[in-house]
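Visitor: Could you take me through one part of this structure, slowly and closely? I am new to this, so please connect each step to the one before.

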Amino acid sequence: MKYFTSVNDIGNLQQAFIEAKSLKNNPFAFEHLGKKKMLGLVFFNPSLRTRMSTQKAAFHLGLDCMILNAFNDSWTIETKDGIIMDGKAGEHIKEAVPVIAEYCDIIGIRAFANLQDRDEDYNEILLNSFKKYCDIPIISLESSIRHPLQSFADIITIEEQKVVNKPKIVLTWAPHPKALPQAVPNSFTEWMKKASVELDYEFIITHPKGYDLADEFYSNCTIIHNQDEALEGADFVYAKNWSSYTEYGQILSKDTAWKINTHKMALTNNAKFMHCLPVRRNMIVTDDVLDSSQSIVIQQAKNRIYSAQTVLKRILESM
Ligand code: AN0
Ligand code: CP
């Protein structure tokens with residue numbers, strides 16, 4: 001594996017799960033693999049879980065790790081070609097990426113959507129610039145449209161927690177005060193579509209009108225606009241807010257009727273509650289659900305170590 005930027009890079013999901021579980025049971029088994037190698041993590045946006053879980057995964061593999069908080073601690077980076085750099089940006093991506101690549105053996109990059117220019121976001125400009133301007137392995141730590149390490153951890157969690165052979169998984173939109181990217185629901189959807197085939201999941205999306213995802217993710221999905229109907233008999237409820245794709249980056253609804261509470265959870269098959277975190281309490285989900293034993297958000301966050309470790313292990317093995 002050289003790149004990990006979407007579901008297309010993971011191969012068979014059952015095998016990936018088995019590999020992640022074996023690392024979870026014996027985290028230091030491949031400690032020799034990363035010795036004398038450097039992982040660089042470049043963050044253009046904030047992070048708690050991605051930052052710490054990826055560092056922990058690196059530690060298990062004997063990899064050293066450097067973190068760059070781009071935009072805060074470094075120079076603002078220009079991405080446009082041929083521009084006269086008389087504005088805010090202090091250096092160009094054409095120098096920044098090859099320089100980082102001189103210091104590192106693998107690079108992880110987090111670069112959220114700006115939610116202004118849909119084409120720019122959906123072309124994953126920053127992530128692809130890292131691929132273009134250096135020749136070392138690249139991992140997405142959440143791009144403008146995908147968050148594959150999160151989705152992989154979500155699948156590990158569902159496989160661990162499922163109590164029926166064909167679990168029904170419902171991705172539900174929930175309200176939030178700020179406009180958020182579509183990366184998490186896009187990614188979750190593309191991983192769930194693969195899991196429907198390889199792991200026999202039933203996958204349903206529910207959201208208010210105007211929150212359709214981009215076609216490349218949304219096509220062939222079952223959509224039920226009535227949230228109560230969608231939640232009926234669910235084994236897993238995955239809540240997430242996202243801004244509109246069609247009216248790009250806009251908040252079209254703050255309808256609190258979409259918030260997950262105990263009444264919503266009562267419609268399900270004693271479902272587990274999932275969220276990638278960070279979550280806004282009593283906006284997305286009520287305290288009583290998040291504090292109940294049905295919530296598995298901490299287990300999800302823990303599995304971020306093993307999704308990252310599986311990916312890093314595979315990259316190190318192919319270097
Ligand atoms: C980010 C998002 O929705 O993409 C990161 C989630 C992992 N969330 C927020 O900005 C709150
Ligand atoms: N779930 C997730 O990626 O969290 P952070 O934004 O804190 O890394």
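Guide: Here is a walk that begins at one strand, moves on to the ligands, and ends with the cysteines and a second sheet.

Please keep in mind that this is a predicted model. Let us start at strand β2, which spans residues 38-43. Is this strand covered or open? It is mostly covered, with six of its six residues buried. In a regular strand, side chains alternate between the two faces of the sheet. In β2, M38, G40 and V42 belong to one side, while L39, L41 and F43 belong to the other, and both sets are buried.

Now look at the neighbours of β2. Strands of a sheet pair through backbone hydrogen bonds, and the pairing can be parallel or antiparallel. Strand β3, residues 64-69, runs parallel to β2 and is joined to it by six bridges. To find one of these pairings in the view, go to L39: its bridge partner in β3 is C65. Between the two strands, the chain passes through helix α2, residues 49-60, and this β-α-β crossover is right-handed. Strand β2 also pairs with strand β6, residues 106-110, again in the parallel sense, this time over five bridges. Here L41 is a handy landmark, as it stands opposite G108 in β6.

From here we can step to ligand 2. Among the residues around this ligand are S47, L48, R49, T50 and R110. Residue R49 falls in helix α2, which covers residues 49-60, and R110 falls in β6, which covers residues 106-110. Which polar atoms come up to the ligand? A polar side-chain atom of S47 lies 2.7 Å from an oxygen atom of ligand 2. The side chain of H147 also has an N or O atom 2.8 Å from a ligand oxygen. With L277 the backbone takes part: one of its N or O atoms is 2.9 Å from a nitrogen atom of ligand 2. On its own, ligand 2 exposes 260 Å², and the protein buries 94% of that.

H147, C276 and L277 are listed around ligand 2, and these residues also appear around ligand 1. Others surrounding ligand 1 include F112, E142, L180 and K240. A polar side-chain atom of E142 is 2.6 Å from an oxygen atom of ligand 1, and an N or O atom in the K240 side chain lies 2.7 Å from a ligand oxygen. The protein covers 83% of the 330 Å² that ligand 1 has accessible on its own.

We have now met two cysteines, C65 and C276. How many disulfides does the whole structure hold? A search finds zero. Take C104: its closest cysteine sulfur is that of C65, 8.6 Å away, so the two are too far apart for a bond. C104 counts as buried because its relative accessibility is 6%. C221 is in no disulfide either, and its nearest cysteine sulfur, in C276, is 18 Å away. At 16% relative accessibility, C221 is buried too.

One last stop is an open sheet of five strands with parallel pairing, in the order β10-β9-β8-β11-β12. Its edge strands are β10 (222-223) and β12 (272-274), each pairing on one side only. Strand β9, residues 202-206, joins β10 over two bridges, and there I204 stands opposite T222.

Notes. Residues are numbered from 1 along each chain as its sequence is written. Chains are lettered from A and ligands numbered from 1 in the order in which they are written. This is a predicted model: local features need pLDDT of at least 70, side-chain atom pairs count only at pLDDT 80 or more; totals for chains, interfaces and linings use all residues. Side-chain values use heavy atoms; hydrogens and water are left out. Buried means under 20% relative accessible area, exposed over 50%, partly exposed in between (1.4 Å probe, protein chains only). Helices (H or I, at least four residues) and strands (E, at least two) are DSSP runs, numbered from the N terminus. Two strands pair if DSSP finds at least two bridges between them. A crossover is right-handed if, with the strands pointing away from the viewer, the path from the first strand over the helix to the second runs clockwise. A residue is near a molecule or strand if one of its heavy atoms lies within 4 Å of it. A polar contact is a pair of N or O atoms within 3.5 Å; within protein, one must be able to donate a hydrogen and the other to accept it, and residues adjacent in sequence count only if both atoms are side-chain atoms. Accessible areas come from the Shrake-Rupley method with a 1.4 Å probe; for residues, only the protein chains shown count as cover. A disulfide is a pair of cysteine sulfur atoms within 2.5 Å.
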